[in-house]
Structure formats: structure tokens, C-alpha cells
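Hi everyone, thanks for coming. I'd like to walk you through one protein today, so let me put it on the screen.

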Amino acid sequence: MSTEIVHRYEKGDEVARATYPITRESLVRYAGASGDFNAIHYRDDVAESVGLPGVLAHGMLTMGLAVQPVVDWVGDPARIGAYQVRFTRPVVVDPASGATIEVVAKIGTLDEDAGTARIDLTVTVDGQTVLGKAQVSVTLP
């Protein structure tokens with residue numbers, strides 16, 4: 001009898017990385033898909049009138065994009081057991097240049113016996129963290 005090791009992970013290993021450009025058009029499409037038509041997501045005057053620095057990306061859009069590299073890495077959304085984030089900074093979407101969300105996913109903890117890991121996400125826009133304590137529990141591929 002022989003055993004084949006199909007993966008070998010260690011804490012701190014980067015398992016996925018992705019970049020997602022967001023435009024005002026992206027926000028309109030997300031609003032239509034989600035039903036969240038809050039005007040702070042598409043009107044500068046409304047966003048400014050409530051003290052925001054500009055039109056903001058939907059939090060759930062940001063959160064959804066941030067987990068996608070992990071879903072792509074594990075290859076099956078059913079391998080995601082839990083997912084949590086803290087919204088630490090709004091994603092302001094410039095009318096001309098948009099915004100770019102950058103995601104780096106690394107192994108935070110590993111349980112080889114259970115075949116599971118906690119994946120820690122670093123999610124930034126222009127070098128500033130926009131999601132804190134972004135963690136995904138996965139069954140390893």
C-alpha cells in the first residue's frame with residue numbers, strides 16, 4: 001500500500017491572488033442584480049450630501065469579489081465552510097478611473113488531519129485595506 005500526497009500546504013503560503021477593476025457601470029449592474037438601488041452607489045451629489053467621499057461600491061460586491069480567488073483555487077464553492085469580513089474602509093469608485101480591488105489569499109491556519117484551512121485575505125484598494133479580518137474556512141482541494 002502506498003500513500004500519495006496530493007498537496008502540501010504550510011501556514012503563510014499564498015494560495016491565490018486577483019485584481020478586480022470596478023467602474024460605475026459595474027455598480028449599476030450590481031445594483032440591478034442585487035436590487036440595492038441606494039443612490040450613494042451611483043450619484044455623486046447624493047453620496048456627498050450624506051458626507052461620503054464619493055460614490056461607493058456596494059459592500060457585498062466588494063465582499064463577493066474578495067472571496068472569488070479562494071473559490072477559484074478550491075475549485076468548488078461547496079468547499080467554503082464559512083466566510084467573514086469587517087468593512088474597514090469604503091471603496092470609492094471614481095467616475096473616470098474607477099477603482100481596483102486587489103486580493104491576496106494566504107493560509108492562516110491549517111488542520112491537515114481534518115483537511116481544512118483558514119484562509120486570510122488581504123483586500124486593498126490603492127494600497128489601503130478595505131476589508132479587515134477577512135477569513136475563509138475551506139476544505140482543502
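Here is something to look for while you turn it around: which residues form a nonpolar patch on the surface? The answer is V28, F37 and Y42, and together they have about 310 Å² of accessible area. One of them, F37, sits in the loop between α1 (24-34) and α2 (44-49). Please keep in mind that what you see is a predicted model.

Let's step back to the overall picture. The protein has three helices and five strands. If you read along the sequence, the pattern is β-α-α-α-β-β-β-β. The C-alpha trace spans about 70 × 30 × 20 Å along its principal axes. Of the 141 residues, 39% are buried. The protein exposes about 8100 Å², and carbon and sulfur atoms supply 49% of that area. Then there are the contacts between residues at least 6 apart in sequence: 66% of these join residues at least 24 apart.

What does the record say? UniProt, in an unreviewed entry, lists residues 16-121 as "domain: MaoC-like". Over that stretch the chain is 31% helix and 32% strand, and the C-alpha atoms at its two ends are 9 Å apart.

Now let's look at α1. Which residues of this helix are buried? They include R24, L27 and A31. Those three lie on the same side of α1, because they cover an arc of only 55° around the axis. As a reminder, an α-helix has 3.6 residues a turn, so residues three or four places apart point the same way. Over on the other side of α1, R29 and A33 are exposed. And what do the buried residues of α1 pack against? Their partners are β1 (14-22), α2 and α3 (59-74). Just after the helix comes G35, with a positive phi near 85°.

R24 deserves a moment of its own. You might ask why an arginine in this helix is called buried. R24 counts as buried because its relative accessible area is 18%, and the cut-off for buried is under 20%. Leaving aside neighbours within four places in sequence, R24 is in contact with Y42, D44, V55, V93, D94 and P95. You'll recognise Y42 from the surface patch we started with. If you follow the chain to R8, 16 residues away from R24, the two C-alpha atoms are separated by 41 Å.

Next, H58, in the loop between α2 and α3. Is H58 buried or exposed? H58 is buried, with a relative accessible area of 1%. Beyond its neighbours within four places in sequence, H58 is in contact with L27, Y30, A31, D36 and H41. Two of those names, L27 and A31, are on our list of buried residues in α1.

Last stop: T62, which has its place in helix α3. T62 counts as buried because its relative accessibility is 3%. Not counting residues up to four places away in sequence, T62 touches A57, V91, I101, V130 and L131.

To recap: on the surface we have the nonpolar patch of V28, F37 and Y42. Inside, α1 turns R24, L27 and A31 to one side, with R29 and A33 exposed on the other. Thanks for listening, and I'm happy to rotate the model for anyone who wants another look.

Note on methods: Residues are numbered from 1 along each chain as its sequence is written. This is a predicted model: local features need pLDDT of at least 70, side-chain atom pairs count only at pLDDT 80 or more; totals for chains, interfaces and linings use all residues. Side-chain values use heavy atoms; hydrogens and water are left out. Patches are made of residues with over 30% relative accessible area and no salt bridge: like charges are joined within 9 Å, nonpolar side chains (Val, Leu, Ile, Met, Phe, Trp, Tyr) within 5 Å. Accessible areas come from the Shrake-Rupley method with a 1.4 Å probe; for residues, only the protein chains shown count as cover. A salt bridge is a side-chain nitrogen of Lys or Arg within 4 Å of a carboxyl oxygen of Asp or Glu. Helices (H or I, at least four residues) and strands (E, at least two) are DSSP runs, numbered from the N terminus. UniProt positions are given in the numbering used here, feature names are shortened, and annotations may be inferred rather than shown by experiment. Buried means under 20% relative accessible area, exposed over 50%, partly exposed in between (1.4 Å probe, protein chains only). Contact means heavy atoms within 4.5 Å. The arc is that of the directions from the helix axis to the C-beta atoms.
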